[in-house]
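Here are some short review notes for you. Please keep the structure open as you read.

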Amino acid sequence: MLVSLRRTLAGSLLWLGAAGAHAADISLLNVSYDPTRELYKDINSAFAAQWKAGRGDTVTVNVSHGGSGKQARSVIDGLEADVVTLALAYDIDAIAEKGLIAGDWQTRLPHNATPYTSTIVFLVRKGNPKGIKDWNDLIKPGVEVITPNPKTSGGARWNYLAAWGYALKQPGGSDATAKDFVAALFKNVPVLDTGARGSTTTFVQRGIGDVLLAWENEALLARQELGKDEFEIIAPSLSILAEPPVALVDKVADKHGTRAVAEAYLKFLYTPAAQDLAGKHYYRPYDEAAAKKYAAVFPKVTTFTIDDVFGGWKKAQATHFADGAVFDQLGVGK
Amino acid sequence: MARRVLPGFGLSLGYTLAYLGLIVFLPLAALAVKASDIGFAGFWATLTSPHVLAALRLSFGAALLSAVVNAAVGLLVAWVLVRYTFPGRRLFDALVDLPFALPTAVAGIALTTLYAPKGWIGAWLAPLGIKVAFTPLGVLVAMIFVGFPFVVRTVQPVLESLDRDIEEAATTLGATRVQTFARVLFPLLLPALLTGFALALARAVGEYGSVIFIAGNIPMKSEILPLVIVKQLEQYKYGDAAAVGVVMLALSFLLLLAISLLQRWSRRWAER
């Protein structure tokens, strides 16, 4: 009995050794948010090809998509993601707080660990019947604005902060005027869907509302897929730089033994090849060549960052979106 | 201990308890433990916040109302399906179960498409000043939809098993039609009706998928309790989310208990 067990063990070790000598099959799990589906499909095959050419190993990157907050909770609750690529730093901070990601994650990669950016723009109906040009047109009576609920949608928090930052930076702007402005804006919101895709459906399919607040990449994609002659994109004079960051999940990568390849995957996002793909999928690339190539796609928008105006995500979350914080004080629905 | 007529009592009871414990009690206990994370003060603060109270009113108010509507209409539908024969009866009978089978998100999207201001029904209601989608009325419509089969399916078999003799006896004894229904048939149907009512109510209170699409989710106005839980989770406040869950459970349990007491009383009343 004992002998046969030992023999089996030796046999399996031998087999493992043999397998190790050959090219390995590596698989990574990238837990991402909703609108990156098309982007990562392209990036993953490009990365796999590059890795195969360089190291000879076959890398399969699986991607899970969903609402950013829900995805972060899945990782916290045990979904074994090697890397996360989410819509806002707050969600990655939440994972880091549980000890799965090192606290300094945002300084480990360039540009606040954000390989590509976007901004918040307006999608309006053909011909722009309500004449919407800038944020202050959104609080006019009779204008219906569609945006998801910032309490349930990470993406919608960017919308809210963009509006706040615009009001704050107007002549004579203060926290008080910004609060009044955002309150007036949300008075014009007839439906608060729980996520960004829900809001797009409400605006596009159900024909509700005059203007949809959306991430630029979503707006460009919607226009591309749904017909250029049905919708127009309006770039406001000022908007927020939306930074969807990426991070290695240290605990999981170490457990899987995938740290090296996972780190390479994230660094790959900054290479010219991946930056070009980001531009192709309507995310604003940092890489100069890619930025130049896709310059015509993106409208000119002056942007401010969340760090400059709000002092980072943790502070913005506590001030604006926690229970009883500013959003709850706006009297939305009253 | 007296010998029981049926063998296997100990085994089957043990199995039942273990199964209930594993499938029902364990998750509920986990919920309660999670809720205890925030302490009594935190629990109380969460529950008395205006958003939670508003959602509590809407969720339970709309659910009760939807169960009342379903009880009335369900009784009528069960009556028609059992007492009359007409072409297509089997087809209608099968249609009743559809709200069970449909994924709730599909139901929600379909209802929203119909009742949105530019939808087939919504477009007719809009000139009358009636808004259904994105208002509490929309919440009610979705809850009525998902809870509809319960009353029909609980009342139907009872109605089928009732002997015509009772009605004939009542008539020969000089009862009017209304009297026959109110004093003879209704008491016999009441326990089943209450079961259906309780099931429809419980389903409506817990419903998320279909309601979320039609509600509009405006704070203080058309936010249901399950959405409040989702909002807490988005802030990684698991304890607060669990606290709201515990209160929903407690309230639902009290309501179901009250209904079951009412049922017992109605059964006795019917036997009298």
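1. What share of the 272 residues of chain B counts as buried? The share is 41%. Keep in mind that this is a predicted model, so the figure is computed from predicted coordinates.

2. Look next at the secondary structure of chain B. It comes to 13 helices. The strand count is zero. Reading along the sequence, you meet α-α-α-α-α-α-α-α-α-α-α-α-α.

3. Now the extent of chain B. Its C-alpha atoms fill a box of roughly 70 × 65 × 30 Å, taken along the principal axes.

4. Check how chain B's contacts are spread along the sequence. Take those between residues at least 6 apart in sequence. Of these, 75% join residues at least 24 apart.

5. Turn to the surface. Chain B exposes about 15,100 Å². Carbon and sulfur atoms supply 72% of that area.

6. Charges in chain B deserve a point of their own. There are 21 positive side chains and 13 negative ones. The centres of the two sets lie 4 Å apart.

7. One residue of chain A is worth finding. A:H320 sits in helix α15, which covers residues 313-321 of chain A. Is A:H320 buried or exposed? A:H320 has a relative accessible area of 4%, so A:H320 is buried; the cut-off for buried is under 20%.

8. Which residues does A:H320 touch, leaving aside neighbours within four places in sequence? A:H320 is in contact with A:Y160, A:L161 and A:W164. The list also holds A:F310, A:A325, A:V326 and A:F327.

Conventions:
Residues numbered from 1 in each chain as written. Chains lettered and ligands numbered in written order. Predicted model: local features only at pLDDT ≥ 70, side-chain atom pairs only at ≥ 80, totals over all residues. Heavy atoms only, no water. Helix = DSSP H or I, 4+ residues; strand = E, 2+ residues; numbered from the N terminus. Buried < 20%, exposed > 50% of the residue type's maximum accessible area, 1.4 Å probe, protein only. Contact = heavy atoms within 4.5 Å. Areas by Shrake-Rupley, 256 points an atom, 1.4 Å probe, with all protein chains shown as cover. Lys, Arg positive; Asp, Glu negative; His and termini not counted. Charge placed at Lys NZ, Arg CZ, Asp CG, Glu CD.
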